[in-house]
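Biologist: I am new to this one and would like to learn how to read it. Could you walk me through it, feature by feature?

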Amino acid sequence: MIPPNSLPRLMHAASDRPLTLAQHEAAFASSTSRTSLLDELEASGLTGRGGAGFPTAQKARLIREQRGHNKFMVVNAMEGEPASHKDQTLLSANPHLVLDGAEYLASMIGANNIAVCVARDNPSVVNHVGRAIHERTRRSLRGPKLELHTPPWRYVAGEESALVHWLDDNESLPQYRPNRPHILKIGHGPALVDNAETCANVGLIGRYGAQWYRSLGTAATPGSTLVSVTGAVDHPTVVEVELGTPLRTILATAGADPDPQAVLLGGYGGSWLDGSHLDVAYDNESLKPLGVSTGAGVIVVLPKSACGIVETQRIVHWMANESARQCGPCAFGLPALAEDLSHIAHQSRDPRGAHVRLVERCAVIEGRGACRHPDGVIRFVRSALDVFANDFSNHVRGSFCNGTRATRHFATVPSLEREEELVWE
Amino acid sequence: MGVRRRSGSFVLRVNPILCDGFGHCAELAPELVQTDEWGYPILRSEPVPLTDAGVFESARYAERGCPRQALHIHRISEKKPQ
């Protein structure tokens, strides 16, 4: 058993090979049966680690109350964020902890199918998960049916309705959900979608209980979380930290630039945070007044030598290409935003007009897509307008910063694919 | 048809996945729909009372006239006094 006040939890006993089922059970001690897992989960105060930070127990309860004989538990390890590596790290360290959590959640909601979704572009993780599932089914065929699914890797394919759409109909496209909360269904069976890290946390809560879980973290946001730190760092890493750790400490563990210009928190649909706020505690409650959130646990460090507008433009350009092109405001609006940003970032005829258009278009596009993809991009652009306000006014006046012509970029952006080459099924 | 309730309010909603930006709704219900620079509708988000018969009628025209059947009228019933 892991002692209550210690880290690592999720990465306990991790080595460079994934743990086998026997090793996993030796390291974590066999699970004790608890009477009411859902109450225990509610008491633990676990929030989702996929980005939205919604209370997991509340979501599970909603699906539990649904009728249906064929419910699904979906483990989302799609990891659409290019700067995030946490699910991949977790599944290559200990896939059984994630599967444990998925089985606990399945028993809570009464599901008899568990679908683990891993992007097919990541064959080593697919292998690890496949082997872990094989080990479990060889040991016993009781319990819910475990299945591995490999949707294509797209940014929006990890969005829950797109994932359920893929499982239902082999298309990774988000669905229209006018009334919230919306119960996603595979066939006729209600589906509960949870991030892989959330499932791993549920695996721990199921073993050791809520009180143990609350021994780390703050009162409002208990537990630990995995953070992927990239950008201007010595060694890009995934670290497990207690929620409520100062941001500066997290950056120091990755060997980051001690005096950055800004950090990107949450992911590519997240927000920039000015470099002067590094002493804030890393949890959603403390970050909320600054208008940022932990999101999917992504931190990208941007040094003073870089140009924030160029980095923003590169990310927005890629995000625009990753749009599913289902909704007009997203399909036409996001490329327009990227265009405006590149007019501001580089020499152009009318940077002032582009700046005005950018602000106007943000207001026009917001909230008009079927999923939250355009809203995320707009939050990101707005935070850039806010944090890099000085740079924007300099660029508009025609005086470019030194970073504009630099060849080194800090936010990793995958190479663009042509629209007709994007794979959705 | 029966008796139509005239209390409460409605909003016009669009399914953005179905919508292809034909622009018929902006012609049929100009008081509820504006179009953006790409021709996609921007709908008035605040609820309109059902007693406003003219607006409701044009909302129904827009709903019926949409070539992609992407619009629907969402009724909001008034909260019952507790």
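**Two helices side by side**

Modeller: Happily! Let us begin with a pair of helices: helix 12 and helix 15 of chain A are roughly antiparallel to each other, because an angle over 145 degrees counts as such. Keep in mind that this is a predicted model.

Biologist: What is the angle between helix 12 and helix 15 of chain A, and how far apart are their axes?

Modeller: Helix 12 (residues 308-321) of chain A packs against helix 15 (residues 373-387) of chain A at about 170 degrees, and their axes are 11 Å apart.

Biologist: Which residues of helix 12 of chain A meet helix 15 of chain A?

Modeller: From helix 12 of chain A come G308(A), T312(A), V316(A) and M319(A). Across from them, helix 15 of chain A offers V377(A), V381(A), A384(A) and V387(A). Sorted by character, the residues of this contact are six nonpolar, two polar and no charged.

Biologist: Now the sheet, please. How do strands hold on to each other in general?

Modeller: Strands of a sheet pair through backbone hydrogen bonds, in a parallel or an antiparallel way. Here, chain A has an open sheet of five strands in the order 7-6-10-8-9, and the pairing is mixed.

Biologist: Which strands stand at the edges?

Modeller: Strand 7 (237-242) and strand 9 (271-274) of chain A do. Each has a single partner strand, so one side of each lacks a neighbour in the sheet. On average, neighbouring strands of this sheet are turned by 30 degrees against each other, direction ignored.

Biologist: How many bridges join strand 6 of chain A to strand 10 of chain A?

Modeller: Four bridges link strand 6 (residues 224-231) and strand 10 (residues 298-302) of chain A, and the two run parallel. To find one of the pairings, look at S228(A), whose bridge partner in strand 10 of chain A is V298(A).

Biologist: Let us zoom out. Where do the domains of chain A lie?

Modeller: Domain 1 of chain A covers 21-213 and domain 2 covers 308-409. Their centres, taken over C-alpha atoms, are separated by 34 Å. Nine residues from domain 1 of chain A and seven residues from domain 2 of chain A make up the contact.

Biologist: And how many residues of chain B are in contact with chain A?

Modeller: Ten residues of chain B touch eleven residues of chain A. On the chain B side, six are nonpolar, two polar and two charged.

Biologist: Finally, what scores does the model have?

Modeller: The model has ipTM 0.89 and pTM 0.93. For chain B, the mean pLDDT is 89, with 89% of its residues reaching 70 or more.

Key:
Residues numbered from 1 in each chain as written. Chains lettered and ligands numbered in written order. Predicted model: local features only at pLDDT ≥ 70, side-chain atom pairs only at ≥ 80, totals over all residues. Pairing = 2+ DSSP bridges. Axes fitted to C-alpha atoms, helices over the stretch in contact; angles between N-to-C directions. Contact = placed C-beta atoms within 7 Å. Nonpolar A, V, L, I, M, F, W, Y, C, P; charged D, E, K, R; others polar. Parallel < 35°, antiparallel > 145°, perpendicular 65-115°, else oblique. pLDDT = per-residue confidence, 0-100. Domains from an automatic or database assignment.
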